[in-house]
Amino acid sequence: MSRRVTYETDKGGYQTKLLIKSILIYIVLVLLTIVCLAPLWLMFVQASLSNKESSHFHILPSTHFFENFKTLLNDPNYTSLYKPWRGLFNSFFVAASCAALVVFFAGLTAYGLVVYDFKLKGPAFVFIIAVMMIPTQVTTVGFLSMIAKFKLVDSFIPLIVPSIAPPAIVFFMRQYMLSSFPLDIIEAARIDGSNEFRTFLTISIPMMKPAFAVQAIFAFIQKWNDYYTQNLVLVSSKKWTLPMMVRNVSAVRNSIDHGAVNFAIFFSIIPVALVYIFLSKFIIGGVAAGGVKE
Amino acid sequence: MATAAQRRIKSVSYAKYGYIFILPFFIVYFLFMVYPLFETFRMSLYGNGADKDSIKLGISIQHYMGFQNFRDILFKDGRNTADFFASIKNTLIIWGGNFLPQISLSLLLAVWFTDLNVKMPGKGFFKVVMYMPNIITATSVAGLFYTLLGADTSSVWYTIFHGPKSNFDQNLLLGLTSVWPARLIVMFIQIWMWFGNTMIMLMSGIQGINESLFEAAEIDGANAHQTFWRITFPLLKTIMVYTLLTSMIGGLQMFDIPYMLNGGTIIPSIKTVACFIYEKATGTKAAKAYGWAGAASVIMFFITAILGALVFYVQRDKDAIEKKRKRKEAMKEAKRRARGGGFSI
């Protein structure tokens, strides 16, 4: 007769197995963490190397970080291609206005779709769902022809104004409102004499803050990184954004100071990296809620 | 819950606000999306160029061409036919080579992260780190890879070969601009950027599965392998199909990394459909080909539309079945009540 396997006799084996499994999982996770962080680390390392040092591969940073920054700011070879403060301002201006417009108008549209009953409510919602997945790339040719016709080439308007109409975010906001926005409170506000816009501004927006925050962060990051549209619209050096300037210095890389170019590459990710470091909790939560696949 | 009568009263008095609230969205959407889309469709039927030669040859953008552009990029043998098909081929290869490893890795990680038996301090930290590549500006990532592996002056080659790469062999197997290395690098960057996102989506899928199923499996003595293939995997199918389709739509839009990997000169082996459209729509005057770019956009639009419709089919299916089940239950319940028999528990 074989030995009876009970919980008591098997407990040790089970525990060891779990321990081994945990250790293996940890090894994989640590390796993946290294892979995830390596490119960022290398960007930083590259940004700190002098022109001469950058001809060799380095794993540890050197001491020319600020020197590279100075070259980038003062050397006429770069000042025509990469203007750090100008680019920072332009990128920030575009991304921040887009983020503000996205949350305000997506919130407004979703509010209209959830709170009110009207004839075209159904069709309007179906339309928003239907167009949610159209990629901007397919409208490129018509978009270029349109901005030429309306004299909007080299203007921030075609970058910022479309943020008033983000179908995917309206969809997300609508789902959020349906699940967690008590409509009774609107009735209460009406009885107290608040008009509809005031109700939206002073009651709905504060209550929707978590959803607004998540979507604003995502819109900011997405617009900051949206090299494609920026490159289609903007022409003059005054309006270039940071990703466009990175393209400029990358294209002439072989003839100039590598240290400064590498610094430029690193410089343009600092703002999004900071946003991420401070707000990652919101971001992860937002992805899990499933409203943000581009 | 508002009663039907209440709802009707509300709709009488407040309907106009509904229109006012959604109006800005629709005005802007029609101006900046629908109009350009129709303009793209229209231009796909017109000539290619805006320069003098095109006008002289009668292929200017004012010149109606019928479906000639589609014939040019799809059927007529020539450089542009090959170009468009090559871009589709590149897109498919790069997308496939990125999606399969990506979903496998994400699935594995999602299962680990949601396994309650494995104690895992620092779970939040790992999630944050793994999602991070997704937010880093693609142009900078491409710029970094260009620095490390790019042209003759690349530091990695210099370090490995103790001199510029050109001293050894221009067509070296590992050169950034040769066919497969370029594709593999793009695939790697795409996996790196997106696996965290996919992982988090799959995790919320797994967390949506009824926990008692896992408990029952454990009590019945199922091992991790069995639990995964018999419970997790089948129940995740919908969300995986959703991931597959949205990833395909995303793959069609792949632009920044392939475009920037070589400092703004597109390497032929990684020229994607989006790069093709961009190149034809924005090239120098002579290289500009609005008609072809438009035709390619229209084809891409229909592919996206089909994929998008499939996404909704997958999503809707689940809801419909759920509703049907509920309706059936409700009817059973009603019947039972009508018989005056049992009581609901």
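Q: What is the relative accessible area of Phe302(B)?
A: In this predicted model, local features need pLDDT of at least 70 and side-chain atom pairs pLDDT 80 or more, totals for chains, interfaces and linings use all residues, and side-chain values use heavy atoms, without hydrogens or water. Residues are numbered from 1 along each chain, with chains lettered from A and ligands numbered from 1 as written. Phe302(B) is partly exposed (buried is under 20%, exposed over 50%), and its relative accessible area is 45%.

Q: How many residues apart in sequence are the parts tied together by Phe41(B) and Phe302(B)?
A: These two residues form an edge-to-face aromatic pair, 6.0 Å centre to centre with 75° between the planes (centres within 6.5 Å; stacked under 30 degrees, edge-to-face over 60, otherwise tilted). Phe41(B) belongs to helix 1 of chain B and Phe302(B) to helix 13 (DSSP runs of H or I, at least four residues), so the parts they tie together are separated by 261 residues.

Q: Is Phe255(B) buried or exposed?
A: Phe255(B) pairs with Tyr278(B) at 4.8 Å between ring centres, and the planes stand at 55°, so this pair is tilted. Phe255(B) lies in the loop between helix 10 and helix 11 of chain B, whereas Tyr278(B) lies in helix 12. With a relative accessible area of 3%, Phe255(B) is buried.

Q: Which residue of chain B meets Lys149(A) in a salt bridge?
A: Across the interface of chain A and chain B, the rule (Lys or Arg side-chain nitrogen within 4 Å of an Asp or Glu carboxyl oxygen) finds one salt bridge. At 3.6 Å, N to O, the side chain of Lys149(A) meets that of Glu39(B).

Technical notes
Helix = DSSP H or I, 4+ residues; strand = E, 2+ residues; numbered from the N terminus. Buried < 20%, exposed > 50% of the residue type's maximum accessible area, 1.4 Å probe, protein only.
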